[in-house]
Amino acid sequence: MRIDLRGCVAGAMAAMVAAFFTAGPPTVASAQAPSRPNVLVIVADDQGWGDLSVHGNPAVATPRLDRLAREGVQFAHFFVQPLCAPTRAELLTGRYHPRGGVTGVSTGDERLDLGERTIADVFRAAGYATAAFGKWHNGTQPPYHPNSRGFDEFYGFTSGHWAQYIDAAMDHDGRPVTGRGYMPDDLTDRALAFLTDRRQGPAFVWLAYNTPHSPMQVPDRWWDAARQRQLPAHRYSADEDVPQTRAALAMVENLDWNVGRLLDGLAARQQLDDTVVVYLTDNGPNGWRWNGDMKGRKGTLDEGGVRSPLFVRWPTRVPAGGRVAPIAGAIDLLPTLADLVDVPLPDDRPLDGRSLVPLLRGDTSAGADARRWPDRALLAFSTNGRDASVRTQQYRLDAAGALYDMVADPGQRQDISASHPAVVQQLTATRRRVSDEVGFGRVRPRRPFTVGGAAVTSLPARDGVPQGGLRRSSVHPNDSYFLEWSSTSYAVTWDVDVLQAGAYDVQAWYAVPAADVGASVRVTLGDASASARVRTAHDPPLVGPPDDRVPRTESPTKAFASMSLGTLAVPAGRATLRVDATAIPARQAWELAGLTIVRR
């Protein structure tokens with residue numbers, strides 16, 4: 001068993017912050033039994049539409065997800081965004097993600113604006129107990145943290161990805177804890193316990209699994225079954241990383257098993273038919289693998305980059321075996337669920353999504369509902385602020401202006417823009433109008449990272465800016481740390497907004513071998529500064545790669561230790577927080593994973 005970079009969470013950090021927590025998270029009044037159904041939204045991470053046997057992939061076995069699809073309604077053409085954080089923002093708000101300020105997946109660009117109302121806010125206002133388990137990816141520092149966004153309980157991680165999935169360091173309502181075993185199994189246990197606690201009334205659970213996102217870690221039971229599996233040929237076979245595909249499919253089969261555990265656990269407590277179960281993914285597959293001959297993968301604006309499964313099961317109100325033909329998208333989840341279970345939906349801001357309940361309850365045969373349901377256009381946006389594609393029931397206009405008939409040519413192989421100039425003109429105008437309306441590509445001022453929104457604030461290396469040539473452990477900022485700190489010209493800065501004036505203790509998370517002990521380091525926030533000396537060696541081994549089934553591209557990690565940098569008395573307001581080394585007597589000052597700021 002190994003612990004990831006924040007495996008320190010279980011030790012020194014936990015001891016440091018324990019005194020600052022004297023009460024648990026907000027509670028919801030108890031009730032005899034749910035007057036409304038439970039709602040369980042399951043979001044897989046980087047699972048493609050084609051990573052399911054119900055969609056025809058012969059190389060994966062997903063019997064429980066296939067059964068979930070058969071026992072509910074399947075959406076034939078459901079669309080999300082090409083990357084994780086933008087999709088999650090849309091699922092949470094019912095609005096296109098540029099409205100909420102989500103323009104990327106790391107370094108603060110993934111944060112959802114504080115003025116946005118989340119699905120958890122809506123359900124909690126209606127008397128639901130709310131919980132989020134797993135990957136958040138829409139903000140770390142309170143009030144961007146899930147506990148500040150309508151969730152009574154949060155257990156998971158707030159970053160875009162995590163470096164270790166076994167006995168992982170986790171955030172539980174702002175408190176550092178260590179997970180138990182393989183993370184998807186752990187998340188399933190937590191979600192099932194919350195759903196079946198009938199004392200708290202109806203529950204809304206956001207279960208955001210971390211797989212099959214890399215690193216490609218999966219227990220032997222699933223890896224052994226998949227590691228030699230024959231894979232089907234497809235249009236991108238020449239570019240396929242076969243070991244990674246096998247690992248991804250093994251991780252999907254573990255998800256299938258865990259979804260089965262959820263359904264069986266609810267059924268054993270006679271709660272399954274009183275629970276709305278929704279299953280979808282956050283973008284296309286994280287690799288070139290079989291995906292129903294669609295063009296593109298995660299990160300692209302083509303069909304394969306943004307098409308997701310959507311299964312909705314609730315026997316009380318949703319007929320089993322339905323298949324919905326009209327296009328739908330992530331922006332539709334909030335208005336649909338609110339309408340489905342009669343939760344009031346505030347009307348003080350425009351929603352881009354619409355309720356899909358008429359499709360769920362009506363005649364879902366492919367021809368009938370397509371005739372009754374008015375056509376619409378759904379946009380997919382890149383994170384470069386320039387490119388967007390448009391999907392209607394029949395057409396897709398890609399970012400370069402190529403037009404495809406998705407009914408006659410679902411693989412996007414034949415550009416028909418020259419023969420359909422009126423359609424190109426119409427969809428181009430739609431793209432321009434919607435992009436302008438939601439603020440896509442609009443230059444926004446950089447938002448600082450908040451400090452003092454809760455008793456403890458985490459400022460990970462991900463959110464810091466290296467100065468003077470200091471290097472990260474990976475080109476991917478998520479879950480990285482700073483290393484080879486060999487010059488006093490090196491520094492890390494965070495643009496922060498101190499929400500509450502006062503005294504703050506600053507803790508650094510570091511590693512350094514015995515031969516390099518002795519550096520003098522300094523932290524500065526505005527006009528206040530404090531200095532310390534690195535006196536204690538801490539040189540743990542790398543964590544992560546030994547558990548990987550295929551080599552990773554992301555950073556490995558370590559179990560960093562904490563040390564005090566001192567106490568700063570600072571006013572409220574925006575300032576630069578800077579950490580540098582004023583003296584380095586040996587090869588390096590330290591390796592730095594981030595800071596913890598504790599309000600006294």
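1. Overall size first, bearing in mind that this is a predicted model. The protein chain has 600 residues, and a compact globule of that length would have a radius of gyration near 25 Å; the value here is 24 Å, so the two agree. Along its principal axes, the C-alpha trace spans about 75 × 60 × 50 Å.

2. Next, what the chain is built from and how it is put together. There are twelve helices and 29 strands. Buried residues make up 62% of the 600. If you look at contacts with a separation of 6 or more, 73% of them join residues 24 or more positions apart.

3. On the surface and the charges: the accessible surface comes to about 21,500 Å², and carbon and sulfur atoms own 50% of that. The charge count is even, with 65 positive and 65 negative side chains, and the centres of the two sets lie 2 Å apart.

4. Have a look at helix H7, residues 242-268. Its 27 residues reach 39 Å from first C-alpha to last, close to the 39 Å expected at 1.5 Å a residue. Is H7 enclosed or not, and how many of its residues are buried? The count is 20 of the 27, so H7 is largely enclosed by the rest of the structure. After the helix comes Gln270, which has a positive phi, near 55 degrees.

5. Helix H5 (residues 183-195) also has the span you'd expect: 18 Å between its end C-alpha atoms, against 18 Å for 13 residues at 1.5 Å each. H5 is mostly covered, with ten of the 13 residues buried. Among the buried ones are Met183, Pro184, Leu187, Leu192, Phe194 and Leu195, but also Asp185 and Asp186. What does the covering of these buried residues? The cover includes the strands E1, E4, E5, E6 and E8, and helix H7 takes part too. That ties in with point 4, where H7 is itself largely enclosed.

6. Two cis peptide bonds are worth checking by eye. One runs from Pro142 to Pro143, with omega near 10 degrees. Pro143 sits in the loop between strand E4 (129-135) and strand E5 (153-157). The other runs from Thr211 to Pro212, with omega near 5 degrees, and here Pro212 lies in a strand, E8.

7. Some backbone angles deserve a glance as well. Asp46 isn't a glycine, yet its phi is positive, about 70 degrees. You'll find Asp46 in the loop between strand E1 (38-45) and helix H2 (63-71). With a relative accessible area of 1%, Asp46 is buried. Asp167 is another non-glycine with a positive phi, about 50 degrees. The loop that holds Asp167 lies between E5 and strand E6 (169-172), and at 14% relative accessibility Asp167 counts as buried, the cut-off being under 20%.

8. Staying in the loop between E5 and E6, Gln164 is there too. Buried or exposed? Gln164 is buried, at 0% relative accessible area. For a sense of scale, the C-alpha of Gln164 and that of Arg361 are separated by 42 Å, with these positions 197 residues apart along the chain.

9. Ser214 is in the loop between strand E8 (203-212) and helix H6 (220-226). Its relative accessible area is 15%, so Ser214 is buried under the 20% cut-off. Which residues does Ser214 touch, leaving aside those up to four places away in sequence? They are His161, Tyr165, Asn286 and Glu554.

10. Last one: Asp463, in the loop between strand E19 (456-460) and strand E20 (465-467). Asp463 is buried, with 4% relative accessible area. Its contacts, again not counting residues up to four places away in sequence, are Thr107, Gly108, Gln141, Phe449 and Trp494. For the last of these, Trp494, the C-alpha atom is separated from that of Asp463 by 6.9 Å, and the two residues are 31 apart along the chain.

Note on methods: Residues numbered from 1 in each chain as written. Predicted model: local features only at pLDDT ≥ 70, side-chain atom pairs only at ≥ 80, totals over all residues. Heavy atoms only, no water. Helix = DSSP H or I, 4+ residues; strand = E, 2+ residues; numbered from the N terminus. Rg over C-alpha atoms; globule rule 2.2 N^0.38 Å. Buried < 20%, exposed > 50% of the residue type's maximum accessible area, 1.4 Å probe, protein only. Contact = heavy atoms within 4.5 Å. Areas by Shrake-Rupley, 256 points an atom, 1.4 Å probe, with all protein chains shown as cover. Lys, Arg positive; Asp, Glu negative; His and termini not counted. Charge placed at Lys NZ, Arg CZ, Asp CG, Glu CD. Expected span 1.5 Å × (residues − 1).
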